[in-house]
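Hi,

Here is the structure I promised to pass on. Have a look at it first, and then read my notes below.

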Amino acid sequence: MATLDLDLLADFLDGENNEHGLDFAATHGFLCATVVGPELKDWLSQLFENNEGKINKDIIEQIRLWREDIQQTLINEETVEFPFEIEEATEDSSLGDWSVGFVDALFLNDEAWFGATEDEEAIIMLTLPMMVFSGIEGETEMDNIRRNGDLMDELAEEIPENLTKLYLLYHAPEE
């Protein structure tokens, strides 16, 4: 049985041979969204733009192990940690890249995200930090948030807890 090797993944995802996938931080964001949100059936295919057949089998296995690791963290009621240091809370950072991956996966499945729960407002609030950091343009409110460094720091700190809350919203057993 293979074990998760984040160094191997980082080398591949941030390297020149990764022609079809996201970088290391964005891949983690993408995987987090596929774990905490509603099921995205073809997540692996989507992650590599339908080119997963061109990706080394060891890398595919590592991606699956990484996703399982995120899932197991949440099942164990632990907080998902970022696999990188947050150098600064801006959209032009690893956290910004992470958020792009998260938002990509969310938008691939947005009907399920917003249609699967009665509480659309909660989903909007819990995903707001990811939307802000992803750099989505055209939203004046988000541009105003991005100009407030203290608020950006607060939003960055909320993301791990928000992942847990989202996971529970979509995956907690019904009472």
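Below is what I found, going from the overall fold down to single residues.

First, a word on trust: this is a predicted model. The protein chain averages a pLDDT of 92, and 97% of the residues score at least 70. Confidence is highest in helix 2, with a mean of 98, and lowest in helix 8, where the mean is 87.

**Overall fold**

You'll be looking at helices here: the protein chain has nine of them and zero strands. Along its principal axes, the C-alpha trace spans about 40 × 40 × 30 Å. The radius of gyration is 16 Å, which agrees with the value near 16 Å that a compact globule of 175 residues would have. Of those 175 residues, 45% are buried. If you count the contacts with a separation of 6 or more, 70% of them are between residues 24 or more positions apart. As for the outside, the protein chain exposes about 9800 Å², and carbon and sulfur atoms supply 43% of that area.

**The core**

The largest nonpolar core has 52 residues. Which residues have the most contacts inside it? They are Ile 63, Trp 98, Phe 102, Trp 113, Leu 163 and Leu 166. The elements giving two or more residues to this core are helix 1 (6-13), helix 2 (24-36), helix 3 (43-47), helix 4 (57-75), helix 5 (94-108), helix 7 (120-134), helix 8 (140-146) and helix 9 (149-171). Helix 2 gives the most, with nine residues.

Phe 102 is a good place to start if you want to click around. Leaving out residues up to four places away in sequence, Phe 102 touches Ala 26, Gly 29, Phe 30, Cys 32, Ala 33, Val 36, Trp 113, Thr 127, Met 130, Leu 163 and Leu 166.

**A buried glutamine**

Gln 62 lies in helix 4. Is this side chain's residue buried or exposed? Gln 62 has a relative accessible area of 6%, so it counts as buried. Its partners include residues from the start of the sequence: not counting residues up to four places away, Gln 62 touches Ala 2, Thr 3, Leu 4, Asp 5, Leu 8 and Leu 9. Gln 62 and Thr 3 are 59 residues apart in sequence, yet their C-alpha atoms are 7.8 Å apart in space.

**Salt bridges**

How many salt bridges are there? The count comes to three.

- Asp 143 pairs with Arg 146, with the closest N and O atoms 2.9 Å apart. Both lie in helix 8, three residues apart, about one turn of the helix. Arg 146 is buried, because its relative accessible area is 14%, whereas Asp 143 counts as partly exposed at 29%.
- Glu 161 and Lys 165 meet through their side chains at 3.1 Å, N to O. They are four residues apart in helix 9, so about one helical turn separates them. Glu 161 is partly exposed, with 47% relative accessibility, and Lys 165 is partly exposed too, with a relative accessible area of 39%.
- Lys 41 bridges to Glu 39, and here the closest N and O atoms are 3.6 Å apart. Both Lys 41 and Glu 39 are exposed.

**Two backbone oddities**

Most residues other than glycine have a negative phi. Two spots in the loops caught my eye on that score.

- Asn 50 has a positive phi, near 65°. Asn 50 is in the loop between helix 3 and helix 4, and it counts as exposed because its relative accessibility is 56%.
- Glu 77 also has a positive phi, near 60°. Glu 77 is in the loop between helix 4 and helix 5. At 74% relative accessibility, Glu 77 counts as exposed.

**In short**

If you want a quick tour, begin at Phe 102, one of the residues with the most contacts inside the largest nonpolar core. Then go to Gln 62, buried in helix 4, and on to the salt bridge between Asp 143 and Arg 146. Finish at Asn 50 and Glu 77, with their positive phi values.

Cheers

How values were computed: Residues are numbered from 1 along each chain as its sequence is written. This is a predicted model: local features need pLDDT of at least 70, side-chain atom pairs count only at pLDDT 80 or more; totals for chains, interfaces and linings use all residues. Side-chain values use heavy atoms; hydrogens and water are left out. A nonpolar core is a set of buried Ala, Val, Leu, Ile, Met, Phe, Trp, Tyr and Cys residues joined through side-chain atoms within 4.5 Å. Buried means under 20% relative accessible area, exposed over 50%, partly exposed in between (1.4 Å probe, protein chains only). Contact means heavy atoms within 4.5 Å. pLDDT is the predictor's confidence in each residue, from 0 to 100. The radius of gyration is taken over C-alpha atoms; the globule rule is 2.2 Å times the number of residues to the power 0.38. Accessible areas come from the Shrake-Rupley method with a 1.4 Å probe; for residues, only the protein chains shown count as cover. A salt bridge is a side-chain nitrogen of Lys or Arg within 4 Å of a carboxyl oxygen of Asp or Glu.
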